[in-house]
Amino acid sequence: MAKLRLLPVVAALCLALAGVALAAPKFVIQGRVYCDTCRAGFETVVSQYIPGAKVKLQCRHYETDSIEHTAEGVTDGTGTYNIEVEDNHEEEICEVSLVQSPVPGCSEVSGTRNRARVLVTGRNGLASDVRYANSLGFLKDEPLKECGLLLQQYALGVDG
């Protein structure tokens with residue numbers, strides 16, 4: 001008799017576990033947007049992160065190049081965006097790209113830091129559901145005065 005009372009509980013538990021196993025995976029694509037105040041093509045100590053910048057995630061099928069998924073995001077006060085994505089996109093090439101900067105004088109899209117590729121699948125050995133994208137940068141119209149000295153400290157263009 002006791003076994004019969006446990007049967008509905010065990011059945012409910014099995015159904016709940018099956019539902020969890022069949023649920024579509026969810027991922028968060030996270031990255032930052034900055035103003036390249038030195039027009040260096042990379043982040044420096046004087047780069048400024050941009051709140052309110054718009055970015056777009058686009059996933060294209062790797063064989064047909066057809067767009068399979070798009071989503072947009074906006075950066076918070078620290079210049080960080082979080083875009084939620086459902087399902088695995090393992091047969092797609094997903095990239096986050098710059099859309100718009102709210103900062104006057106820093107809205108030119110950088111040719112080298114305008115997009116970042118990101119893997120959106122749970123079948124890659126990563127334990128976390130957060131996928132980190134490289135930082136994206138808009139270019140300042142005119143570099144800051146201190147940039148010349150700063151870039152010299154990086155020893156760019158010096159063979160050594």
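I began by fixing a term: a residue counts as buried when its relative accessible area is under 20%. I also noted at the outset that I am reading a predicted model.

**Entry 1, the residue I83.** I looked up I83 and found it in strand β5, which covers residues 80-86. Its relative accessible area is 2%, so I83 is buried. I then asked which residues I83 touches once its neighbours within four places in sequence are set aside, and the list is F27, V28, I29, V55, L57, A71, E72 and G73. I checked one of these partners further: I29 lies 54 residues away from I83 along the chain, yet their C-alpha atoms are separated by 5.0 Å.

**Entry 2, strand β10.** I turned to strand β10, residues 136-139, and wrote down that L136 and F138 are buried on one side while G137 and L139 are buried on the other, which leaves both faces covered. In a regular strand, side chains alternate between the two faces of the sheet. Where does β10 pair? I found four bridges to strand β1 (residues 26-36) in the parallel sense, with V33 standing opposite L136. Strand β7, residues 108-109, runs antiparallel to β10 and is joined to it by two bridges, and here V109 stands opposite F138.

**Entry 3, the whole protein.** I counted two helices and 10 strands, and along the sequence a helix comes at each end of the pattern, with the strands between. Of the 160 residues, 31% are buried. Among contacts with a separation of 6 or more, 69% join residues 24 or more positions apart. Finally, I noted an accessible surface of about 10100 Å², with 55% of it belonging to carbon and sulfur atoms.

Terms used:
Residues are numbered from 1 along each chain as its sequence is written. This is a predicted model: local features need pLDDT of at least 70, side-chain atom pairs count only at pLDDT 80 or more; totals for chains, interfaces and linings use all residues. Side-chain values use heavy atoms; hydrogens and water are left out. Buried means under 20% relative accessible area, exposed over 50%, partly exposed in between (1.4 Å probe, protein chains only). Contact means heavy atoms within 4.5 Å. Accessible areas come from the Shrake-Rupley method with a 1.4 Å probe; for residues, only the protein chains shown count as cover. Two strands pair if DSSP finds at least two bridges between them.
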